[in-house]
Amino acid sequence: MSEKWRGVPEEDAVRKLLGDAGRRPALPEEDLAAIRDAARAEWARRYGAAPGRKSPRRSWLPLAAALLAGVIGLAWWARTRPSVTPPTVASIERVSGGAGRGVGIPLAAGSMLATDGETPGRLTLRMRGGASVRLDVATQVRLASATLVELRRGAVYVDTGVAPGRAEDVAVSAPNGLFRPAGTQFQVRVDGRETNLRVREGRVAMDRGDGSVVATAGEELIVSGDGGVVRRQVALSGPGWDWVAETAPMLAIEGVKVREFLNWIGRERGLRVELADGDAAGIADSCVLHGSIEHLTLADAPGVVLSSCGLGHRVSDGALVVFVAGKKGG
């Protein structure tokens, strides 16, 4: 025994050793069981297992110290072993240009995404809760969770109405505030010190340290670096939304009726759907589509799909007007 412990009762010495070691993370029950089994085996090897056999008192301290060292070693291993893999919060649904990611790749919480490489491109993500999140060119984001995207620069679009039923809302955190939606379509763009919010459907609350500002469909908020907010009206379609249409995941039309296709194309392009008359409405409700439009753009899809059912269309004053092809007044 070292001079440090000379004259100290062995029970007190062991107690002091354990106290000096400090608190350690709790070990799994299977690890504790292994330690107990190893200690029993060592005791039996040294002193035998005969009942009533008295073991030498002096031999207890080294055995206790060895046992303590084993416990500390296992605690260190438990503390330094690899952490649990972060949960998957999204997957890549569509890639355009040189975004550099493959379709179907799962993305974990904490993933960083950028679309401003040597060959610019765009990404479309499907969040775990069903929402569609799209990244414009020159954009960088961090996926904080399945319901929060941190926008560092560029633009993000969120649509919670693309999945069957209503998808889980996804908020966007930007340098000038936190944008919390309520069942909506919206985009947030960060350009230098300025942040721009455009709402296409529903409403979005912008939370800051001094309170909240709410924008509804057809409104835009421009937040300057000094905290000033300008509110104005904004179109639901047009140049400011073109990049969103280019990143839309295409609808699987096999077995789908024309009416469902029209509702989808209207949401993706920010257009009202208007059926010219009862004949057009009847066809929209009865004609069943077949095939695929994966090879088409959102702009080309209406012409190809509607003509297969004897329908025509035109875009006028923010509306997609559908009529029976060749009918007078169409």
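Colleague: Which residue does Cys-287 form a disulfide with?

Modeller: Keep in mind that we're looking at a predicted model. A search through the whole structure turns up 1 disulfide. Its sulfur atoms sit 2.0 Å apart, and the partner of Cys-287 is Cys-309.

Colleague: Is that disulfide of Cys-287 and Cys-309 left-handed or right-handed?

Modeller: For this you look at the torsion about the S-S bond of Cys-287 and Cys-309. That torsion is about -65°, so the disulfide is left-handed.

Colleague: How many residues apart in sequence are the parts that Cys-287 and Cys-309 tie together?

Modeller: Let's place the two ends. Cys-287 is in the loop between α6 (278-286) and α7 (301-307), and Cys-309 is in the loop between α7 and β15 (311-316). So the pair ties together parts whose separation in sequence is 22 residues.

Colleague: Are Cys-287 and Cys-309 buried or exposed?

Modeller: The cut-off you need is that buried means under 20% relative accessible area. Cys-287 comes in at 18%, and Cys-309 at 13%. That makes Cys-287 buried, and Cys-309 is also buried.

Colleague: Staying with α6, why do Ala-280, Ala-281 and Ala-284 lie on the same side of α6?

Modeller: Ala-280, Ala-281 and Ala-284 are buried residues of α6. They're on the same side of α6 because the arc they cover around the axis is only 100°.

Colleague: And what covers the buried residues of α6?

Modeller: The buried residues in question include Ala-280, Ala-281 and Ala-284. Their cover includes one helix and some strands: α5 (258-269), β14 (272-275), β15 and β16 (319-324).

Colleague: Let's go to the strands. Which way do β1 and β4 run, parallel or antiparallel?

Modeller: Strand β1 covers residues 88-97, and β4 covers residues 121-127. Val-95 stands opposite Leu-123 in β4. The two strands pair over 7 bridges, and the sense is antiparallel.

Colleague: What is the bridge partner of Ser-91 in β2?

Modeller: Strand β1 is also joined to β2 (residues 106-108), by 3 bridges, and these strands run antiparallel. In β2, the partner of Ser-91 is Pro-106.

Colleague: Now for charges. How far apart are the closest N and O atoms of Arg-198 and Glu-220?

Modeller: This pair links distant parts of the chain, with Arg-198 in strand β10 and Glu-220 in strand β12 (residues 219-223), 22 residues apart. Glu-220 counts as buried, at 2% relative accessibility. The two form a salt bridge, and the N to O distance is 2.9 Å.

Colleague: Which residue meets Asp-207 in a salt bridge?

Modeller: The N to O distance here is 2.4 Å. Asp-207 sits in strand β10 (residues 194-208), and the other residue is in strand β9 (residues 177-191), 27 residues away. That other residue is partly exposed, with a relative accessible area of 39%. It's Arg-180.

Colleague: Which residue forms a salt bridge with Glu-150?

Modeller: The closest N and O atoms of this pair are 3.2 Å apart. The partner is an arginine that counts as partly exposed, at 27% relative accessibility. Its name is Arg-142.

Colleague: How many salt bridges are there by this rule?

Modeller: Some of the charged side chains join up in a network: Arg-122, Asp-136, Arg-189 and Glu-246 are linked by salt bridges. The count of salt bridges comes to 19.

Colleague: What is the phi of Ala-138?

Modeller: Most residues other than glycine have a negative phi. Ala-138 goes against that pattern, as it has a positive phi although it isn't a glycine. You'll find Ala-138 in the loop between β5 (132-135) and β6 (140-145), and its phi is about 55°.

Colleague: Is Asp-317 buried or exposed?

Modeller: Asp-317 has a positive phi too, about 50°, although it is not a glycine. Its place is in the loop between β15 and β16. The cut-off for exposed is over 50%, and at 71% relative accessibility Asp-317 counts as exposed.

Colleague: Last one: how many helices and strands are there in the protein?

Modeller: The protein has 330 residues, and buried ones make up 37% of them. As for helices and strands, the numbers are 7 helices and 16 strands.

Conventions. Residues numbered from 1 in each chain as written. Predicted model: local features only at pLDDT ≥ 70, side-chain atom pairs only at ≥ 80, totals over all residues. Heavy atoms only, no water. Pairing = 2+ DSSP bridges. Helix = DSSP H or I, 4+ residues; strand = E, 2+ residues; numbered from the N terminus. Disulfide = S-S within 2.5 Å. Buried < 20%, exposed > 50% of the residue type's maximum accessible area, 1.4 Å probe, protein only. Salt bridge = Lys/Arg side-chain N within 4 Å of Asp/Glu carboxyl O. Arc of directions from axis to C-beta. Contact = heavy atoms within 4.5 Å.
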